[in-house]
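Reader: I'm new to this one. Could you walk me through it and tell me how you get from the values to the words?

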Amino acid sequence: MAKREDRMIKLFLILQVLDLTTTLLGLRLGLAEASPAVRLMMKIGPVVGMLLAKAIAITLLGLCLWLRRPHTIRKANYFFSALVVWNFLIISGRMAGVM
């Protein structure tokens with residue numbers, strides 16, 4: 001595995017942890033999950049639903065690796081980076097009393 005691909009995989013996994021953490025914190029603060037698919041998974045419980053969503057994401061990472069599609073992983077990293085920033089902004093707004 002190339003060094004660059006290895007870094008993309010590590011970043012993907014870190015972003016999954018950050019998304020999981022910020023989403024659960026947001027839920028604890030009274031915010032709602034925006035994704036309809038994840039919201040549906042969370043009907044069985046917020047933590048279990050989020051872990052299921054992360055398991056699916058990691059499975060898709062494995063599929064991208066198997067199909068040799070690192071560019072798809074890179075695009076997913078951009079998406080999840082923006083998502084984590086969004087989560088932080090929404091959480092900050094809630095904590096500041098703006099939302």
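Author: Sure. This is a predicted model. Let's start with Ile-73: setting aside neighbours within four places in sequence, Ile-73 is in contact with Met-8, Phe-12, Leu-61, Cys-64 and Leu-65.

Reader: What makes those residues count as being in contact with Ile-73?

Author: Contact means heavy atoms within 4.5 Å, and Met-8, Phe-12, Leu-61, Cys-64 and Leu-65 are the ones in contact with Ile-73 outside that stretch of sequence.

Reader: Which residues make up the largest nonpolar core?

Author: There are ten: Met-8, Ile-9, Phe-12, Leu-15, Ala-57, Leu-61, Cys-64, Ile-73, Phe-80 and Val-84. Two or more residues come from each of α1, α3 (46-66) and α4. The biggest giver is α1, with four residues. Apart from this core lies another, of six residues, including Val-38, Met-42, Met-50 and Ala-53.

Reader: Why are α1 and α4 called roughly parallel?

Author: The axes of helix α1 (residues 3-28) and helix α4 (residues 70-95) cross at roughly 30 degrees, coming within 9 Å. Angles under 35 degrees count as roughly parallel, so that's the name α1 and α4 get. As for handedness, their crossing is left-handed.

Reader: What does the contact of α1 with α4 have by class?

Author: It has 14 nonpolar, seven polar and three charged residues. Among the residues making the contact are Leu-11, Phe-12 and Asp-19 of α1, and Arg-74, Phe-80 and Asn-87 of α4. Leu and Phe count as nonpolar, Asp and Arg as charged, and Asn falls with the polar ones.

Definitions and conventions. Residues numbered from 1 in each chain as written. Predicted model: local features only at pLDDT ≥ 70, side-chain atom pairs only at ≥ 80, totals over all residues. Heavy atoms only, no water. Axes fitted to C-alpha atoms, helices over the stretch in contact; angles between N-to-C directions. Parallel < 35°, antiparallel > 145°, perpendicular 65-115°, else oblique. Left-handed = near helix turned anticlockwise from the far one by under 90°. Core = buried A, V, L, I, M, F, W, Y, C linked by side-chain atoms within 4.5 Å. Buried < 20%, exposed > 50% of the residue type's maximum accessible area, 1.4 Å probe, protein only.
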